[in-house]
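Q: Could you take a close look at one part of this model for me? I'd like to see how it sits among its surroundings, and then hear about a few other spots for context.

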Amino acid sequence: MSLKYAVLAALLEGEASGYELSKTFDVSLANFWAATPQQLYRELERLAGDGLVQARTVEQERRPNKRMFTLTAAGRAELSAFAAEPPKRPTAIRDELLIKVQAMDGGDPDVTRALIEERMGWARGKLDRYRRLRDGLLGGRTEDEFLRTSDRVGPYLTLMGGICFEEDNLRWCERVLAVLEQRRDSTAPRPDRPARAAER
């Protein structure tokens, strides 16, 4: 999938500048589709050239003018057609940490432990952010009430996916740490059984 459809979907929230869209991506879409501000600005210009979004310039005093973007009817039609298509390929994991864990045997387990603990810190930080965003979307309503009555539930459902992903990430990290701890305990010399003396 190209960035094009992620941008069109983000504009369903309403008119936005490139800066505002980058914040939306950072907070709401980062759990499933990341993009840099430069990529977003380039994509917005392409979409405007293709007639899928409309741009207008807003003049500002003491600050540079900004361009505001909205979906056109053609953009909504394209996004609707995209949403009806099955994904072109199943989800695939590409995670450098998994390669490092795959290659850990024979190395220093403490290095792997530190990498896993770092990943846990990232996952907890994301979970905290996603849960705050969820609370903001709910606005005091229960989840069932929100899902029954809200005009749009897509952002909430994708946010649920991000929360589940990070919760699974944490569970995996906790399991890895438990295995490392068990292996350390099983190989550590016991007080009543000193390590074998060096061979003569």
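A: Here is a walk around the helix α1, followed by some other places in the chain.

Keep in mind that this is a predicted model. Helix α1 covers residues 3-10, and seven of its eight residues are buried, so the rest of the structure largely encloses it. The buried ones are Leu 3, Lys 4, Tyr 5, Ala 6, Val 7, Leu 8 and Ala 10. Note that a lysine, Lys 4, is on that list.

Let's start with a helix partner. The axis of α1 comes within 10 Å of the axis of α3 (residues 37-49), and the two cross at roughly 85°. With angles of 65 to 115 degrees counted as roughly perpendicular, α1 and α3 therefore fall in that class. On the α1 side, the contact is made by Leu 3, Lys 4, Val 7 and Leu 8. On the α3 side, Gln 39, Leu 40, Glu 43, Leu 44 and Leu 47 take part. Sorted by class, the contact has six nonpolar residues, one polar residue and two charged ones.

Now for the core. In soluble globular proteins, nonpolar side chains tend to be buried together. Here the largest nonpolar core has 18 residues, and those touching the most other members are Val 7, Leu 8, Leu 11, Leu 21, Phe 25 and Val 53. Two or more residues each come from α1, α2 (18-29), α3 and β3. Helix α1 is the biggest giver, with six residues. Val 7 and Leu 8 thus turn up twice: they belong to the contact with α3, and they are among the core residues that touch the most other members.

Leu 21 is a handy place to look at that core from another side. Setting aside neighbours within four places in sequence, Leu 21 is in contact with Val 7, Ala 10, Leu 11, Ala 16, Leu 40 and Leu 44. Val 7 and Ala 10 are also on the list of buried α1 residues, while Leu 40 and Leu 44 are on the α3 side of the helix contact. Apart from this core lies another one, of 15 residues, among them Tyr 130, Leu 170, Cys 173 and Leu 180.

Back on α1, Tyr 5 brings in the aromatics. A pair of aromatic rings is described by the distance of the centres and the angle of the planes. The structure holds two such pairs. In one of them, the rings of Tyr 5 and Phe 82 have centres 4.0 Å apart and planes at 5°, so this pair is stacked. Tyr 5 lies in α1 and Phe 82 in helix α4 (residues 73-84), so the pair ties together parts 77 residues apart in sequence. Tyr 5 has 17% relative accessibility and counts as buried, whereas Phe 82 is partly exposed, at 24%. The cut-off for buried is under 20%.

The other aromatic pair is Phe 146 with Tyr 156, and it is tilted, with 5.1 Å centre to centre and 45° between the planes. Phe 146 sits in helix α7 (residues 143-149) and Tyr 156 in helix α8 (residues 154-187), so this pair links parts 10 residues apart in sequence. Phe 146 is buried at 4% relative accessibility, and Tyr 156 is buried at 1%.

Tyr 156 leads on to Arg 134. Not counting residues up to four places away in sequence, Arg 134 touches Tyr 156, Leu 159 and Ile 163. Arg 134 lies in helix α6 and counts as partly exposed, at 26% relative accessibility. Its C-alpha atom is separated by 7.3 Å from that of Leu 159, 25 residues apart along the chain.

Helix α6 (residues 109-138) also holds Arg 119, which counts as buried at 14% relative accessibility. Leaving aside neighbours within four places in sequence, Arg 119 is in contact with Asp 95, Leu 97, Asn 169 and Cys 173. Cys 173 is also one of the residues of the 15-residue core.

Finally, two spots around β3, which is one of the elements feeding the core that α1 helps build. Thr 70 is in strand β3 (residues 66-71) and is partly exposed, with a relative accessible area of 25%. Beyond residues up to four places away in sequence, Thr 70 touches Glu 15, Leu 52, Val 53 and Gln 54. Arg 62 is found in the loop between β2 (53-58) and β3. Arg 62 counts as exposed at 81% relative accessibility, and has a positive phi of about 60° although it is not a glycine.

Conventions
Residues numbered from 1 in each chain as written. Predicted model: local features only at pLDDT ≥ 70, side-chain atom pairs only at ≥ 80, totals over all residues. Heavy atoms only, no water. Buried < 20%, exposed > 50% of the residue type's maximum accessible area, 1.4 Å probe, protein only. Helix = DSSP H or I, 4+ residues; strand = E, 2+ residues; numbered from the N terminus. Axes fitted to C-alpha atoms, helices over the stretch in contact; angles between N-to-C directions. Parallel < 35°, antiparallel > 145°, perpendicular 65-115°, else oblique. Contact = heavy atoms within 4.5 Å. Nonpolar A, V, L, I, M, F, W, Y, C, P; charged D, E, K, R; others polar. Phe/Tyr/Trp six-rings, centres within 6.5 Å; stacked < 30°, edge-to-face > 60°. Core = buried A, V, L, I, M, F, W, Y, C linked by side-chain atoms within 4.5 Å.
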